[in-house]
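Visitor: I'm new here and would love a close look at one part. Could you walk me through it slowly?

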There are 2 protein chains.
Amino acid sequence: MDNWDDLRIFLAVARDESLSAAGRRLRMDAATVGRRVARLEESLGAPLFAKSPQGYALTEAGSRLVRFAEEAEQATSQASEALVGRTEGLSGQIRIGAPDGCASFLLPQVCARIADRNPDLDVQIVALPRVVNLSRREADMAIAVSPPSAGRLVVQKVTDYRLHLAASDAYLAAHAPIAVPEDLKGHRAVGYIPDMIFDKELDYLGELGVERVPLASNSVAVQFHWLRQGAGLGIVHDFAMPTAPGLRFVLREQISLTRSFYLVRHADDRRLERQTRFAEALVAGMREELTRLELLAEQGGPPG
Amino acid sequence: MDNWDDLRIFLAVARDESLSAAGRRLRMDAATVGRRVARLEESLGAPLFAKSPQGYALTEAGSRLVRFAEEAEQATSQASEALVGRTEGLSGQIRIGAPDGCASFLLPQVCARIADRNPDLDVQIVALPRVVNLSRREADMAIAVSPPSAGRLVVQKVTDYRLHLAASDAYLAAHAPIAVPEDLKGHRAVGYIPDMIFDKELDYLGELGVERVPLASNSVAVQFHWLRQGAGLGIVHDFAMPTAPGLRFVLREQISLTRSFYLVRHADDRRLERQTRFAEALVAGMREELTRLELLAEQGGPPG
DNA sequence: TGCCTCCTTTGCAAAAACGCAAAACGCCTT
DNA sequence: AAGGCGTTTTGCGTTTTTGCAAAGGAGGCA
């Protein structure tokens, strides 16, 4: 086996019985999936699937392989968990600063799980509508949407996340259907207060060319509740969608934004074993939770 | 875990405690190995090794990971074996045609193992100094060094193999040391009979610019025994080297050839389940054996 | 029959990964 | 104390891989 990763692709195709379905799940092009399967077959010297325009069906050789691919899958997923669980025995207090979207929809679950495993640990989340000042020790570490350039700081990228336009079912039912970006004209926008945007990465509506924001707040949570109540249209973090069953994506295919979270710490704090271990668990936990939520969001709403 | 294959690289580095050593074992550049490890660390969000100019040492997080990487390794290696072992219950007779180098040094072990697992199966190896004529049913399937272009045949690449100059210890001791290609002048060449070369891929010496071949045979085995007895210098399949402890590579770094084996069958025979299963086992077995022998050959001889 | 949809496959251009070579670094020996 | 040897790291050109778009088929339905 020259490339273990081909086994991962194989398993997805075996389960979906189709290149295109497996591609969607793996977030890869179907052509790539097909080529990876072909490479594995060549490497193994045996046909794994019976190919047809209706899909991929396992051959006898292929079905023999599934069991071992599943064992490998279990090993790799346990590998990730082995690092997530690295916090046992932490104690004391740790304070995290974060923008309020992250603080509201992501950190609570993640920190709760870490706290569950560490009864003597106190976790504090500081949600702030501005960049946290680590030098003044407003927090032990911070989540940011742009990597800071100045200061003796160490930055680690946590993960990408996606944002889309959304509105409530009720709002959408009360207005003409929105099929193309031009249909947005005349709708009421919900967003940030333009002159209180503390990081250019947050200027979502500006990037989309929206000029007026009739309903504005410096808090993502407030915007979110406006949308939920059917007050208008606005940008929502994908990972927040599962919280609000009544929300639907709008023009999801045409309008899509991607941003990133970064974990920022003092350079000096790198030696603090306790903080390092907490940071690792936080990063792993945030990635896991975000993947879970975005998948939920994607499946939850009908294609908008 | 975005890419299972990074776990394979991780395991090699963990075992060798060095990028360069792992790179040699994996047949990859050390820089690539380092980058793959870095990617895995980023993906997991935790440092796996303590890096120093003396090598890579596992961190606590890294050593936690080893166990799961080993489980994945076991799963993948069993996956390969699951296909190799696919022949149980074969019976009857199967005849394979092959060029005599392959027939002598590779097929015997491979076919013996298959026969071991199939008491009712008779395997016949036809070693021929020419292309096997499958249309006339001289054999059920054949190994070739070039893919045939004509005929209703189905071709499958089996594997690459390497060839190098070699001579016996005794011969080398009796002559001036050979350090550069020019030193070859005046040495006695052992090779094919020029006008009996049945496939241009076999014209090794022609490719190297050798004009006279004082000791020539149409049989690789005969050439091999000449070399073994110290009769001169000639091209030897790497996979034949472990058979002759007295042989040494000459100018291995400077002069190196690569060829490929192909498995050829009748298009009509693809439906014969028995032959297909045998072919799969043959391909897998040849690859496994060749890898084993070339690794032995590489480690056996001192660098030439 | 003819159209429509969903799938795979192929060609091509962009992006990522790779190997090579040089640089940088620490240890060991002379 | 200085130079040699092994290592990792970095920059660069090349190869490989990937995604996209179009083409090619096979079934379903009017």
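Visitor: How many salt bridges does the structure hold over all chains? Please start there, then take me to the place where chain B and chain A come together.

Guide: Quick note first: this is a predicted model, where local features need pLDDT of at least 70, side-chain atom pairs count only at pLDDT 80 or more, and totals for chains, interfaces and linings use all residues. Residues are numbered from 1 along each chain as its sequence is written, chains are lettered from A and ligands numbered from 1 in the order in which they are written, and side-chain values use heavy atoms, leaving out hydrogens and water.

Over all chains, the structure holds 34 salt bridges (a side-chain nitrogen of Lys or Arg within 4 Å of a carboxyl oxygen of Asp or Glu). In one of them, the side chains of E60(A) and R64(A) meet at 3.0 Å, N to O. Both E60(A) and R64(A) sit in helix α4 (residues 60-84) of chain A, 4 residues apart, or about one turn of the helix; helices here are DSSP runs of H or I, at least four residues, and are numbered from the N terminus.

Now for the meeting place itself. Across the interface of chain B and chain A, the rule finds 0 salt bridges. Still, the contact takes 38 residues from chain B and 39 residues from chain A, with contact meaning heavy atoms within 4.5 Å. Between them, chain B and chain A bury about 3,400 Å², and 62% of that is on carbon and sulfur atoms. Buried area is the accessible area (1.4 Å probe) that two parts lose on being put together, summed over both.

How do the two copies relate? A turn of 179° and a shift of 0.1 Å along the axis lay chain B on chain A with an RMSD of 0.3 Å, superposing by least squares on C-alpha atoms of residues with pLDDT of at least 70 in both. So the two copies are related as by a two-fold rotation axis. Within chain B, A72(B) has the C-alpha nearest the axis, 2.1 Å from it. The same surface serves both copies, too: 100% of the contact residues of chain B recur in chain A.

Key. Helices (H or I, at least four residues) and strands (E, at least two) are DSSP runs, numbered from the N terminus.
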